[in-house]
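Morning, everyone, and thanks for coming. I'd like to walk you through one structure today, so please have a look at it before I start.

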Amino acid sequence: VSVTTLRFANFFGPQVQTPMTSYFSLPVIPVVLGFDARLQFIHEDDGLEALRRATAGEYPGTFNVAGDGVILVSQAARRAGRPVLPIVSPFAFTVGAVFRRLGLADFSPEQVRFLTYGRGIDTTRMRTGFGFVPQHTTSETFDAFVEAHNLNRLLPPERVENIEDQLLALLTGKDDGRA
């Protein structure tokens, strides 16, 4: 019997909802003061393709699956247009428990450790032994998530359009009924 084990980085993308996507969707991103974790992601489409490949072929062994590159928590927060809230290390687990109890984000002790220290995985065997190359880098994957959820905008696109219509009507003296 041939066994293939895939160890995935965190799934991200336009459609998937995970504890990590919930974390980066918060209005303010809590971070542990003095730490800036390195993160790797796999795009949801690439993850599904890796699973398809593993079931359709014979690839015995264990393979790490992630997009190329890493992104720091601070970089991800900036890309998402979210301010960070530094928390002193001894209080990180307590704050995490409060967020979890309120249903804002999954801050299990493991998640807090992950967001403190991060994780990077070697994907060499994914390319050489499994023959798989993701179509999206970690940065591209995160950016697709941000774009799909309009996270880097202070105002929703509909509100911006409404404001633009009102300004245009004010400047031109014409009211087209949309403002």
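Arg-79 and Asp-143 form a salt bridge, and their closest N and O atoms are 3.0 Å apart. I should say right away that this is a predicted model. What parts of the chain does this pair link? Distant ones: Arg-79 sits in helix α3, residues 73-79, while Asp-143 belongs to helix α7, residues 138-148, and the two positions lie 64 residues apart in numbering terms. Is Arg-79 buried, or is it exposed? Somewhere in the middle: Arg-79 counts as partly exposed because its relative accessibility is 33%. Its partner Asp-143 also counts as partly exposed, at 32%.

Just as a reminder, side chains of opposite charge can pair when their charged atoms come close.

How many salt bridges does the structure hold? Four. Let me show you another one, where the side chains of Asp-68 and Arg-127 meet with an N to O distance of 2.2 Å. This pair, too, links distant parts of the chain, 59 residues apart. Asp-68 is in the loop between β6 (61-65) and β7 (71-72), and Arg-127 is in helix α6, residues 124-128. Asp-68 has a relative accessible area of 40%, so we call it partly exposed. Arg-127 is partly exposed as well, with 29% relative accessibility.

Now for a pair within one helix. Arg-113 and Glu-110 make a salt bridge through their side chains, at 3.8 Å from N to O. Both residues lie in helix α5, three residues apart, which is about one turn of the helix. Arg-113 is partly exposed, given its relative accessible area of 38%.

Let's go inside. The model holds two cavities of 30 Å³ or more. The largest has about 100 Å³ of space. Which elements each supply at least two residues of its lining? They are β3 (29-32), α4 (89-101) and α5 (109-117). That is the helix α5 we just visited for Arg-113 and Glu-110. The biggest giver to this lining is α4, with four residues. If you want to find the spot on your screens, look for Tyr-23, Pro-30, Ile-87, Phe-99, Phe-107 and Leu-115, which are among the lining residues. What is the lining like by class? Eleven of its residues are nonpolar, one is polar and none is charged.

The second largest cavity holds about 30 Å³ of space. Its lining is made up of Ala-9, Asn-10, Gln-40, Phe-114, Arg-119 and Ile-121. Here the classes are mixed: three nonpolar residues, two polar and one charged.

Finally, back out to the surface. Leu-33, Val-88 and Phe-91 form a nonpolar patch there, and together they have about 300 Å² of accessible area. Where does Val-88 lie? In the loop between β8 (84-87) and α4, and α4 is the helix that gives the most to the lining of the largest cavity. Val-88 has a relative accessible area of 44%, so it is partly exposed. A patch residue needs over 30% relative accessible area, and Val-88 is above that cut-off because its value is 44%.

So that's the tour, from paired charges to cavities and then the surface patch. Thanks for listening, and I'm happy to take questions.

Technical notes:
Residues numbered from 1 in each chain as written. Predicted model: local features only at pLDDT ≥ 70, side-chain atom pairs only at ≥ 80, totals over all residues. Heavy atoms only, no water. 1 Å grid on protein atoms, 1.4 Å probe; cavity = no way out; pocket = protein on both sides within 12 Å on 5 of 7 lines; lining within 4 Å. Points joined across faces, edges and corners; volume = space filled by probe spheres on them. Nonpolar A, V, L, I, M, F, W, Y, C, P; charged D, E, K, R; others polar. Patch = residues over 30% accessible without salt bridge, like charges linked within 9 Å, V, L, I, M, F, W, Y side chains within 5 Å. Areas by Shrake-Rupley, 256 points an atom, 1.4 Å probe, with all protein chains shown as cover. Buried < 20%, exposed > 50% of the residue type's maximum accessible area, 1.4 Å probe, protein only.
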